[in-house]
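Here are my notes for your read-through. Please keep the structure open and check each point against it.

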Amino acid sequence: MQQDILSMTLPELREAMASFGQPGYRAAQIYRQLHVRHVRQFMEMMDIPTKLRTELDARFCIKSLFVARKLASSIDNTVKYLYRLPDGGHVETVLMKYHHGWRLCISTQVGCRMGCAFCASTIAGYVRGLTPSEMLLQIDETERREGVTISGIVLMGIGEPMDNFENVMRFLELLSDPQGRGMSLRHVTLSTCGIVPGIRALADRRTGLTLAVSLHSPTDAGRSRIMPVNRRYPLAELMEACRYYFTVTGRRVTFEYAVMEGENDSQADAKALADLLYGQQAHVNLIPVNSIKERSYHATRRAAQEFMQRLERLGLHATVRRTLGSDIEAACGQLRHEADAAADTSGDFLTK
Ligand code: SAH
């Protein structure tokens, strides 16, 4: 099988070139063609001898993504792509404009096995984790198609990054490599549903990125009802891991809280949330839940603001996240669902 060259680090490429009997500088030339010039055909690498290009072509493949659908917001500059992967799976990528630049929300898996009750990504079933190249290509392709330079990445698309840990770490290594794109990981946010060993391992790697934790409920009973992961890693363990992340990295953790009317927005919920985060270096982001047709969870922006006021009265500062692309948001996670209607729904995380 041909090796996925876009997922290889420069030292790995050096080793491979040495096995081809090539001089040391060849690997850097090829790496530059791939990661800086974004050349997608070995034959177009003009600084590489023709014979070697042919050999590379036989031994390696350069993956690519195809656009299955594109939705552009008519309210703001938000654009959503449904990309088709080489094996036919689909993932979503969302480009958003912030005052300081363009930010891209990328997917890390084809589907998700975390089973959060309110999330469309889970409903469409889990297939596999993305390769580092498939994560990088979401950036390259979107930049090329939209003619923009992306300055920030959020790992908040389809999938659970901690459930594809090594590929995500390798993606971060490639993304931040000064010989490649060289993006500072300070401009990257990784969002997790709360996989405790992953949070600890990420802290130990000292990547400098921002960790976002999808909290969505301040009690074990409430959280286990909507997020099965809480049954494996209950709140006490999760909060301990978040404190560890802050201690080791010095970076404040962001807590995501999707407000769902009648589910997690009562006065008791506000009180429990304020108690849970008391004294913690944390930031709370509220978002009105985005209703999906298979479930009845719903919230208005006003409900999220009311919950924010409840928290403020209890001394916990929170923000209601600015909504971008609200006219195309309704399709979040659902574009893939429609495209992969027959996806395999086996491989439930908790029965693993
Ligand atoms: N698996 C990771 C990252 C992908 S989900 C995680 O759970 O954090 C990205 C964010 O979108 C998470 O905070 C998730 O809880 C949230 N989300 C999923 N479905 C949503 C919905 N219908 N409305 C609002 N937020 C949702």
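1. One term comes before the rest. A residue counts as buried when its relative accessible area is under 20%, as exposed when that area is over 50%, and as partly exposed in between. Now take strand β10. How many of the residues of β10 are buried? Five of the five are, so the strand is largely enclosed by the rest of the structure.

2. Look at the two faces of β10. In a regular strand, side chains alternate between the two faces of the sheet. On one side of β10 sit V188, L190 and T192. On the other sit T189 and S191. Both faces are covered, and these residues are all buried.

3. The model is predicted. The protein chain has an average pLDDT of 92, and 95% of the residues score at least 70. Residues 342–352 fall below 50. This stretch still has 20 contacts in the model beyond near neighbours in sequence. Where pLDDT is low, the predicted coordinates should not be read in detail.

4. Next, the sheet around β10. The sheet is open and has 10 strands with mixed pairing. Their order is β3-β4-β5-β6-β9-β10-β11-β12-β13-β14. Which strands stand at the edges? They are β3 (66–72) and β14 (318–320). Each has a single partner strand, so one side of each is left without a neighbour in the sheet. On average, neighbouring strands are turned by 25° against each other, direction ignored.

5. Strand β10 has a partner on either side in the strand order. Strand β9 (residues 150–155) runs parallel to β10, joined by three bridges. L155 has L190 as its bridge partner in β10. Strand β10 (residues 188–192) also pairs with strand β11 (residues 210–214), in the parallel sense, over four bridges. Here L190 stands opposite L211. Follow L190 through both pairings: its partners are L155 and L211.

6. A helix packs on this sheet. Helix α10 (residues 235–249) touches β11 and β12 (253–259). The direction of α10 makes about 140° with that of β12.

7. Go back to the edge strand β14, where T319 is found. Is T319 buried or exposed? Neither label fits: T319 has a relative accessible area of 26%, so it counts as partly exposed. T319 is 35 residues from V284 in sequence, yet their C-alpha atoms are 6.4 Å apart. Leaving aside neighbours within four places in sequence, T319 is in contact with H283, V284, N285, L286 and M308.

8. Compare S121, which lies in helix α4 (residues 120–123). S121 has a relative accessible area of 8%, so it is buried. Which residues does S121 touch, not counting those up to four places away in sequence? They are G111, C112, I158, G333 and R336.

9. Now the cysteines. A search of the whole structure finds zero disulfides. For C193, the nearest cysteine sulfur is that of C116, 5.4 Å away. A disulfide needs the sulfur atoms within 2.5 Å. C193 is buried, at 6% relative accessibility. C105 is also buried, with a relative accessible area of 11%.

10. Last, the domains. The protein chain is divided into domain 1 (3–61) and domain 2 (66–342). Their centres, taken over C-alpha atoms, are separated by 34 Å. The contact between them takes 13 residues from domain 1 and 13 residues from domain 2.

Note on methods
Residues are numbered from 1 along each chain as its sequence is written. This is a predicted model: local features need pLDDT of at least 70, side-chain atom pairs count only at pLDDT 80 or more; totals for chains, interfaces and linings use all residues. Side-chain values use heavy atoms; hydrogens and water are left out. pLDDT is the predictor's confidence in each residue, from 0 to 100. Contact means heavy atoms within 4.5 Å. Buried means under 20% relative accessible area, exposed over 50%, partly exposed in between (1.4 Å probe, protein chains only). Two strands pair if DSSP finds at least two bridges between them. Axes are lines fitted to C-alpha atoms, for helices over the stretch in contact, and angles run from 0 to 180 degrees between N-to-C directions. Domain bounds come from an automatic or database domain assignment.
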